Amino acid sequence: MPTMEVKRLDVMSVGKLYGGILAAIGLIYGIIAGLLLMVLGSILGSVFGGVGAAGVIIGGILLIIFIPIAFGIAGFVAGAIGAFAYNVAAGKLGGIRFEY
């Protein structure tokens, strides 16, 4: 059966892929967290006299914007570090072999 060995990963390519995947996950998480903050903050604001309701809504919108960005950056860094570590280990130990 023929085999193929992955000897090296492109660090930027893996970083972009991980960054994109985690940004998408962060968007889902950010929407859920932002909407939850806005709804619960509005409820609590109405119970306690409406103080700070606008701040809670702005905070929810900022969560929806900044969580995907933070997740994307973290994913890019983690992917690049992981690809670099794979390249170092594969150079010394050999790459992953696939049979097809």
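## Methionine 38 and its contacts

Once residues up to four places away in sequence are set aside, methionine 38 touches Val56, Ile57, Gly60, Ile61 and Ile64. The model in which these contacts appear is a predicted one, and methionine 38 itself is found in helix H1. Its relative accessibility is 14%, and because buried means under 20%, methionine 38 counts as buried.

A second residue helps to show how distance along the chain can be compared with distance in space. Methionine 38 and glycine 19 are 19 residues apart along the chain, and their C-alpha atoms are separated by 27 Å.

## Helix H1 from end to end

Helix H1 runs over residues 11–47, which makes 37 residues, and at 1.5 Å a residue it should span 54 Å. The C-alpha atoms at its two ends are 52 Å apart, so the expected span and the modelled one agree. Just after H1, glycine 49 takes a positive phi of about 95°.

Which residues of H1 are buried? They are Val14, Gly15, Gly19, Gly26, Gly30, Ala33, Gly34, Met38, Gly41 and Gly45. What covers these buried residues includes helix H2, which is formed by residues 53–93.

## How H1 and H2 pack

The axes of H1 and H2 lie 6 Å apart, and the two helices pack at an angle of about 155°. Since angles over 145 degrees count as roughly antiparallel, this angle makes H1 roughly antiparallel to H2. The crossing in which H1 passes H2 is right-handed, and the contact of H1 with H2 has, by class, 26 nonpolar, 13 polar and one charged residues.

## Leucine 22 and glycine 45 in H1

Is leucine 22, a residue of helix H1, buried or partly exposed? Its relative accessible area is 29%, and because partly exposed residues fall between the cut-offs of 20% and 50%, leucine 22 is partly exposed. Apart from residues up to four places away in sequence, leucine 22 touches Phe71, Gly72 and Gly75. Leucine 22 and proline 68 are 46 residues apart in sequence, while in space they are 7.5 Å apart, C-alpha to C-alpha.

Glycine 45 is also found in helix H1, and with a relative accessible area of 8% it is buried. Between glycine 45 and leucine 63 there are 19 Å in space, C-alpha to C-alpha, and the two are 18 residues apart in sequence.

## Isoleucine 67 on the H2 side

Turning to the partner helix, isoleucine 67 lies in helix H2, and at 13% relative accessibility it counts as buried. Which residues is isoleucine 67 in contact with, leaving aside its neighbours within four places in sequence? The contacts are Gly26, Tyr29, Gly30, Ala33 and Leu62, and Gly26, Gly30 and Ala33 are among the residues listed as buried in H1.

The C-alpha atoms of isoleucine 67 and isoleucine 28 are separated by 9.3 Å, although the two residues are 39 residues apart along the chain.

Conventions. Residues are numbered from 1 along each chain as its sequence is written. This is a predicted model: local features need pLDDT of at least 70, side-chain atom pairs count only at pLDDT 80 or more; totals for chains, interfaces and linings use all residues. Side-chain values use heavy atoms; hydrogens and water are left out. Helices (H or I, at least four residues) and strands (E, at least two) are DSSP runs, numbered from the N terminus. The expected span of a helix is 1.5 Å times one less than its number of residues. Buried means under 20% relative accessible area, exposed over 50%, partly exposed in between (1.4 Å probe, protein chains only). Contact means heavy atoms within 4.5 Å. Axes are lines fitted to C-alpha atoms, for helices over the stretch in contact, and angles run from 0 to 180 degrees between N-to-C directions. Angles under 35 degrees count as roughly parallel, over 145 as roughly antiparallel, 65 to 115 as roughly perpendicular and the rest as oblique. A crossing is left-handed if the near helix is turned anticlockwise from the far one by less than a right angle, and right-handed if clockwise. Ala, Val, Leu, Ile, Met, Phe, Trp, Tyr, Cys and Pro count as nonpolar, Asp, Glu, Lys and Arg as charged, and the others, Gly among them, as polar.
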